[in-house]
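The following report describes a single structure for a reader who is meeting it for the first time. It begins with enclosed space and then turns to individual residues and ring pairs.

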Amino acid sequence: MTGSSSAVAAPSDTAPPRPAVVLRLLAGRGVFRLSVQLMGLVLITAWGARDYGRFANALGLMTWLNFVPAAAEKSALKCLPRLRRTRDAVAALAVRLAAAPVLAVLAATAVTLVVAPRSDAALYLTAAAWSISGGLLMTVSGLHRLRGRSTLDALAFTAGSVVVGVVTCVTWAVRWSPETHLALLLGGILVLLGASVLLLPKPWLSGGGVPGHRLLPAFGRSTVLLGLTELLDVISTSVVFAVLALSGRTTDSGPFYLALLVSSAFCSLLYYQLKLHQPAASRRLRGTGAAAGRARAVALLRLVERAGIAVVVLLGAGLAIPGTRAFLTAEDAYVVLGVLVVVETALYATGLYASFLLENTNSKVLTLTSGTAVVSLAATAVAAALLVPALGPVGGFAALVFALAVKAAVLRRLVRRH
């Protein structure tokens, strides 16, 4: 895909963003993230444990869909700075690949809302539509940033925070159901999404006359492999919500969801910061710069591996001691939960940066990062099945820490081998 059509990218594509631009963008995303966190805190007082547990479980199970369309943005940020003649076609292909799953979920949600608006299926599908539509808005906003219109990114998510705030306040005042609340959030995000798409350049929607099917194999492979890592990481948290529901601890989804908001708030801002610098990093980590990037990534993965193993060993020792086991299995073990949240956040952030360095070196390494994400998902499922029924939210975060250690260990060895 980068053959004869490749060229030296414009400086605006590859230069690191100015501090003022970064602050503006982080403020927009930060306000949106803060509004979602406050929504979680406010709604638990409006609904109580049962309805809030249903709401949190639905969002938790469907959060992974946010990363389905966002994979196209990640691939576009890596590829577009290296292209010139096929730039419009690749941008249009990114939009189409990101929009296709969103339209499918929206169609299924619309049918369910008409046929059975009060069913659990309607609740979960509306949560799915809200999550995947937010992912598409991120992708479109990323394309706006790449063409030098970063203000549109900040405005879109600032407006999104207003939507979340207004809908949440009205829900709290009139006690709307979780289904109604999510439906109104979805409507607001779709309006913002439509406006953002219409503001893209026409060649970035039409393809500029270059047939997209010629570019699909290479760009599609890059999109799938780049997006698979984060997608499977988020599915891992959804597995914990599923185990909570299957083990009869749906009400514990509330505390786990609130704790997860703290972790995801920091990691989401870090992930966004990495995407802001991805065009420049994509250029820097090619050729001779790739070796230094891989060496740094291996060192970070070793740190995650050792720290994760240490936490797992300490937790296992605590469970082996009767007095400590009673403390760990108590329903109000919030101190332990808080410690695990801090540990999981630090390890995930470190591993995320290591994967970022690897992914931007060359395309061959993408099979390694996506493969280890599958291993991490399997490790989460096994650990969650063993720990969550007894430990609840504490077991959920312990399973995530264990999976991070396994993923770092496997990826580090694969990188060193290949």
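## Enclosed space

The largest cavity holds about 950 Å³ of space. The model is a predicted one, in which local features need pLDDT of at least 70, side-chain atom pairs count only at pLDDT 80 or more, and totals for chains, interfaces and linings use all residues. Residues are numbered from 1 along each chain as its sequence is written, and side-chain values use heavy atoms, with hydrogens and water left out.

A cavity here is a set of points, on a 1 Å grid over the protein atoms alone, where a 1.4 Å probe fits but cannot get out, and its lining residues are those with an atom within 4 Å of a point. Grid points are joined across faces, edges and corners, and a volume is the space filled by probe spheres set on the points. In total, the structure holds four cavities of 30 Å³ or more.

The largest cavity is lined by 40 residues, of which Arg33, Thr63, Phe67, Ser264 and Ser268 are the closest to its centre. Among the elements that give two or more residues to this lining are α2 (19–47), α6 (120–146) and α11 (253–284), and the largest share, eleven residues, comes from α11. Helices, as named here, are DSSP runs (H or I, at least four residues) numbered from the N terminus.

The second largest cavity has a volume of about 100 Å³. Its lining includes Thr229, Glu230, Asp233, Tyr348 and Lys407. At least two lining residues come from each of α10, α12 (289–320), α14 and α16, and α14 supplies the largest share, which is four residues.

The table sets out the make-up of the two linings, where Ala, Val, Leu, Ile, Met, Phe, Trp, Tyr, Cys and Pro count as nonpolar, Asp, Glu, Lys and Arg as charged, and the others, Gly among them, as polar.

| Cavity | Nonpolar | Polar | Charged |
|---|---|---|---|
| Largest cavity lining | 23 residues | twelve residues | five residues |
| Second largest cavity lining | six residues | three residues | three residues |

## Aromatic rings

A search of the whole structure finds eight aromatic pairs. Rings of Phe, Tyr and Trp (its six-membered ring) pair if their centres lie within 6.5 Å, and planes under 30 degrees apart count as stacked, over 60 as edge-to-face and the rest as tilted. One of the pairs is formed by Phe32 and Phe157, which meet edge-to-face at 5.5 Å centre to centre, with 75° between the planes. Because Phe32 lies in helix α2 and Phe157 in helix α7, this pair ties together parts that are 125 residues apart in sequence. Phe32 and Phe157 are both buried, a word that means under 20% relative accessible area, whereas exposed means over 50% and partly exposed lies in between (1.4 Å probe, protein chains only). Elsewhere, ring pairs link Trp47, Tyr52, Phe55 and Tyr257 into a cluster.

## Buried helix residues

Leu25 lies in helix α2, and it counts as buried because its relative accessibility is 1%. Although Leu25 and Ala154 are 129 residues apart in sequence, they are 5.1 Å apart in space, C-alpha to C-alpha. When residues up to four places away in sequence are not counted, Leu25 touches Arg145, Ser150, Asp153, Ala154, Tyr272 and Leu276, where contact means heavy atoms within 4.5 Å.

Thr139 is found in helix α6 and is likewise buried, at 1% relative accessibility. Leaving aside neighbours within four places in sequence, Thr139 is in contact with Pro69, Ala70, Ala72, Glu73 and Ala98.

## Cysteines and partly exposed residues

The structure has zero disulfides, a disulfide being a pair of cysteine sulfur atoms within 2.5 Å. Cys169 counts as exposed at 52% relative accessibility, whereas Cys267 is buried, with a relative accessible area of 6%.

Arg175 lies in the loop between α7 (150–174) and α8 (178–198), and its phi is near 60°, a positive value in a residue other than glycine. Most residues other than glycine have a negative phi. With a relative accessible area of 44%, Arg175 is partly exposed.

Pro203 lies in helix α9 (residues 203–206) and is also partly exposed, with a relative accessible area of 33%. Pro203 and Arg87 are 116 residues apart in sequence and 9.4 Å apart in space, C-alpha to C-alpha.

Notes:
On a 1 Å grid over the protein atoms alone, a cavity is a set of points where a 1.4 Å probe fits but cannot get out, and a pocket is an open set with protein on both sides within 12 Å along at least five of seven lines; lining residues have an atom within 4 Å of a point.
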